[in-house]
Amino acid sequence: MAHLTELQIETIKSHMMHSEDVLKIKFRAKNTEFDTISVSHNEVADYEKKGFSTVRSSVRKTTLSRKKDHGVQFEDDVWCMFYKLGFRIMNSDENLVVQWGPNKEDTQQLDVVAVGDDAIFVVECKAALSSVSHSFKTELNKMEQYMYGITESLRQIYGKEKRVKFLFATRNYRVNDEDTARMANAGIFHLNDNSYNYISNLIKSYKESVIYQFYGLMFKDELINTEEIKIPVLRGKMGERNYYIFSIEPSTLLKIGFVLHRTRVNDSMAPTYQRLLVPSRLKGITKFIDGGGYFPNSIIINFGSANDKLKVKFTSIKTETDSQSEFGFLRIPNAYGIAYIIDGQHRVYGYAQSQHKEDSTIPVVAFEDMESEEQLKIFMEINENQKAVSPSLRLDLEEDLYWKSSRLDSRMKALRSSIIKSLAANSNNVLYNRISVGEDPSLLAFKPFDTALGRSGLIPKATSTQWTGDTDICIYNTNETDTDKAMKDSRKRITQFIDGGYNIADAIMTEEVKQDYLFSNRATFAFIALLGSLHTYLIKINTINPQSSIPERIAAIEPYIKHLAFSLNELSDEENRTIKGVLGQGADTFWLRSYQNIINRKFSEYAPEELLEWKETQDQSLQQEGAERKADIKKQLRVLLFDRLEMVYGSKWMNNIAILRNTVEGRIIKEYGDNDDFDMSEYDWKDYLEISEYREVIDKNFSYHEFEEVFAINIGLAFKSKKDKLGWMSLISEPKGKKSSALTRSDLNRLELINTHLANFIDA
């Protein structure tokens with residue numbers, strides 16, 4: 001197109017801010033959820049009709065505010081993101097219009113424009129109020145049409161050497177694969193919910209250093225300039241792999257370096273394993289460097305690019321005759337994001353704000369084209385001996401660590417990890433963006449999904465070398481010899497099955513109920529384990545079989561999940577309090593049994609054994625009967641224990657338990673001794689013996705026939721060792737910290753056996 005006229009340039013500049021003080025004021029206005037305005041008192045009514053509410057009133061003015069429209073809010077959020085990134089030339093309003101073609105009508109309004117030292121960013125923003133699928137074919141057609149002209153116009157104003165990057169920003173939109181591919185081919189960066197959140201987290205962690213990682217993300221594998229970086233190096237060999245040892249200026253490494261954080265934004269750039277920086281630690285490192293400090297240990301990096309033109313090149317100048325090492329020069333393309341930092345990102349970014357980033361050099365050990373598994377292994381080995389990798393990140397990394405493992409049980413760990421990430425990553429899934437994966441914080445934690453999948457029966461159980469349990473109930477072909485194929489097929493099918501179950505519930509549950517009983521960490525285990533339980537049940541009654549398709553399996557569970565969803569919508573206040581009130585270690589199981597019980601009420605044939613046992617533990621009459629049996633047994637124990645001691649030791653039987661008596665009497669004094677009328681003679685210490693103390697005495701004397709004949713009780717379990725023969729005592733003891741342990745009907749029957757056995761010796 002023709003060059004802009006002076007008038008056009010001035011018009012564009014009139015909608016751009018170049019003053020930092022003005023930018024600060026604009027940032028404060030945009031960095032809030034509300035539009036605020038001060039008007040004269042007689043104008044208040046007019047603004048209230050527009051949705052404004054009074055905030056405060058002074059003598060002359062009234063201040064009003066209203067929540068921003070979601071579209072305006074998103075544009076403001078993106079604008080503020082660039083401000084926080086350090087850009088200080090930006091558009092002042094939404095009225096910036098730029099000529100992109102020769103015709104008068106060839107103009108385009110631009111939502112966000114940010115001009116930096118090296119690049120200009122142009123952003124088109126699209127936001128929806130809630131998550132929705134949409135095709136942006138029309139918008140992308142138009143964007144591709146005006147990109148070249150806009151680039152030329154902005155370069156005319158701000159410098160022809162600047163690169164211009166176009167971003168298509170979306171919030172709450174599920175963008176189809178066709179649009180995603182089109183943006184990638186056109187060089188448009190898709191700033192979706194994931195990448196916006198990632199950059200926001202980078203800003204928090206990297207502070208002023210964030211611009212390096214941001215440019216690496218925007219211009220990955222693009223040349224900074226055509227001048228190669230030439231560095232003297234020592235090349236060595238580890239096994240079959242070459243490595244290079246050299247020193248480099250931090251300012252150079254910052255530009256070509258890239259940290260592959262464990263985030264959905266970087267999923268396509270394997271391997272990903274890094275954690276975000278700790279801001280306080282970064283600040284401390286900069287202070288340490290500027291104070292004269294240094295780090296003698298090496299940064300570990302890997303040079304890797306799919307573009308052959310961006311490969312490093314080594315030229316030998318001298319080979320050591322007594323060593324495999326050789327000196328030479330390494331020519332490194334001056335390109336963004338080609339040096340993956342495996343270890344040492346805090347040290348590298350500590351130099352970003354240091355006064356020594358240009359005049360210092362840091363030691364580096366560099367590998368080339370290292371496979372993802374090797375990079376991950378190095379990262380794990382280094383960090384296992386330094387700051388521990390968080391449990392959440394470790395679970396996330398298991399896919400890469402164990403996918404190709406020779407151990408069956410390890411591969412199943414990898415499969416669980418991969419399924420969870422598939423559930424979170426696919427924009428068509430109900431759980432899209434709801435699960436915290438790697439460095440991506442979200443509503444639901446990773447671990448409950450891992451635990452639930454491990455117990456669901458959907459994935460087979462295994463030792464290191466063989467499958468265990470019933471593999472026919474799993475969605476995994478244990479007969480497939482191509483393990484990669486079996487894993488990928490299982491991941492796809494289990495993901496579809498779980499998503500299908502969530503879809504059914506999501507369509508029925510009210511928003512309030514979903515937050516408690518579908519999209520909460522306590523509900524995660526219960527719901528996924530329930531899907532597995534229903535799947536097992538339907539396999540066993542031949543409603544579905546191992547050859548059934550996933551749609552057939554989803555259709556089979558649909559009536560059960562629908563009933564659960566409708567029932568949870570209609571829970572009484574008391575039922576709500578009961579379920580939500582269960583916290584701690586047993587909460588996962590209690591929620592699962594509650595879900596199963598709701599389904600069992602309508603579909604009585606669905607009655608897993610563990611549910612029936614649980615229902616018995618909720619039967620208060622059964623629990624009361626069990627408590628009475630335990631009390632009877634304890635009374636019998638009191639009589640029989642001392643009777644048997646006297647039979648074995650005669651009149652000296654008290655000597656055998658003197659220490660125990662002192663212990664119990666000490667406990668009585670500690671509990672009741674502060675009472676004014678306390679008299680030890682009124683307390684019979686035998687009444688205060690605990691079951692564990694009965695067992696201690698019985699165990700000590702079990703070799704005597706008089707003890708074994710009474711206290712060895714067969715309750716239908718193992719009955720060989722002394723431990724087996726005294727196992728019944730665990731049934732009448734109370735767990736520490738609990739008032740009582742819940743009993744099943746089987747437990748009650750065993751208590752009756754114990755009671756009858758002991759009663760025979762009492763009567764004798």
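**Entry 1: β12 and β13**

I started with strand β12 (residues 229-238) and strand β13 (residues 241-248), which pair in the antiparallel sense over 5 bridges. This is a predicted model, so I read everything below as a prediction. Looking for a facing pair, I found methionine 238 opposite arginine 241 in β13.

Next I asked myself which sheet these strands belong to, and in what order its strands lie. The sheet is open and has 8 strands, in the order β14-β18-β15-β19-β13-β12-β17-β16, with mixed pairing. At the edges I noted β14 (257-258) and β16 (313-319), each of which pairs on one side only.

**Entry 2: the loop before β12**

I then stepped back along the chain to aspartate 221, found in the loop between α8 (210-218) and β12. Its phi is near 65 degrees, a positive value in a residue other than glycine. That was worth a note, because most residues other than glycine have a negative phi. Is aspartate 221 buried, exposed or partly exposed? With a relative accessible area of 26%, aspartate 221 comes out as partly exposed.

**Entry 3: β10 and its neighbours**

I moved on to strand β10 (residues 163-175). Of its 13 residues, 11 are buried, so the strand is largely enclosed by the rest of the structure.

I checked the pairing with strand β9 (residues 119-134): 12 bridges join β9 to β10, and the two run parallel. Here isoleucine 120 stands opposite valine 164 in β10. Following the chain, I went from β9 through α5 to β10 and found that this β-α-β crossover is right-handed.

I also looked up strand β11 (residues 189-191), which pairs with β10 in the parallel sense over 3 bridges. The facing pair I wrote down was phenylalanine 168 and histidine 190, the latter in β11. What hand does the unit made by β10, α6 and β11 have? This β-α-β unit is right-handed.

One residue of β10 made me pause. Asparagine 172 is found in this strand, and its phi is near 65 degrees, a positive value in a residue other than glycine. I looked at its surface too: asparagine 172 is partly exposed, with a relative accessible area of 25%.

**Entry 4: α5 against α6**

Having met both helices as connections, I wanted to see how they pack. Helix α5 (residues 137-158) and helix α6 (residues 177-186) pack at an angle of about 5 degrees, with their axes 11 Å apart. The two helices are therefore roughly parallel to each other. Which residues meet there? From α5 I listed Lys137, Leu140, Asn141, Glu144 and Met147, and from α6 Asp179, Arg182, Met183 and Ala186. The residues of this contact divide into 4 nonpolar, 1 polar and 4 charged.

**Entry 5: phenylalanine 136**

Just ahead of α5 I stopped at phenylalanine 136, in the loop between β9 and α5. At 1% relative accessibility, phenylalanine 136 counts as buried. What surrounds phenylalanine 136, leaving aside its neighbours within four places in sequence? I found contacts with Lys126, Phe168, Thr170, Tyr173, Val175 and Asp179. I had already met Phe168 opposite histidine 190, and Asp179 in the contact of α6 with α5. For a distance, I took glutamate 178: phenylalanine 136 is 42 residues from it in sequence and 9.5 Å from it in space, C-alpha to C-alpha.

**Entry 6: α1 against α5**

α5 has another helix to look at, helix α1 (residues 6-14). These two pack at an angle of about 85 degrees, with their axes 11 Å apart. α1 and α5 are therefore roughly perpendicular to each other. In this contact Ile9, Ile12 and Lys13 of α1 meet Gln156, Ile157 and Tyr158 of α5. I sorted the contact residues into 4 nonpolar, 1 polar and 1 charged.

**Entry 7: the sheet of β2, β4 and β3**

Last stop: an open sheet of 3 strands in the order β2-β4-β3, with antiparallel pairing. β2 (34-40) and β3 (53-57) stand at the edges, each with a single partner strand, so one side of each is left without a neighbour in the sheet. The twist averages 30 degrees from one strand to the next. How many bridges join β2 to strand β4 (residues 61-67)? I counted 7, with the strands antiparallel, and noted isoleucine 37 opposite leucine 64 in β4.

Notes: Residues are numbered from 1 along each chain as its sequence is written. This is a predicted model: local features need pLDDT of at least 70, side-chain atom pairs count only at pLDDT 80 or more; totals for chains, interfaces and linings use all residues. Side-chain values use heavy atoms; hydrogens and water are left out. Axes are lines fitted to C-alpha atoms, for helices over the stretch in contact, and angles run from 0 to 180 degrees between N-to-C directions. Helices (H or I, at least four residues) and strands (E, at least two) are DSSP runs, numbered from the N terminus. Angles under 35 degrees count as roughly parallel, over 145 as roughly antiparallel, 65 to 115 as roughly perpendicular and the rest as oblique. Contact means heavy atoms within 4.5 Å. Ala, Val, Leu, Ile, Met, Phe, Trp, Tyr, Cys and Pro count as nonpolar, Asp, Glu, Lys and Arg as charged, and the others, Gly among them, as polar. Buried means under 20% relative accessible area, exposed over 50%, partly exposed in between (1.4 Å probe, protein chains only). Two strands pair if DSSP finds at least two bridges between them. A crossover is right-handed if, with the strands pointing away from the viewer, the path from the first strand over the helix to the second runs clockwise.
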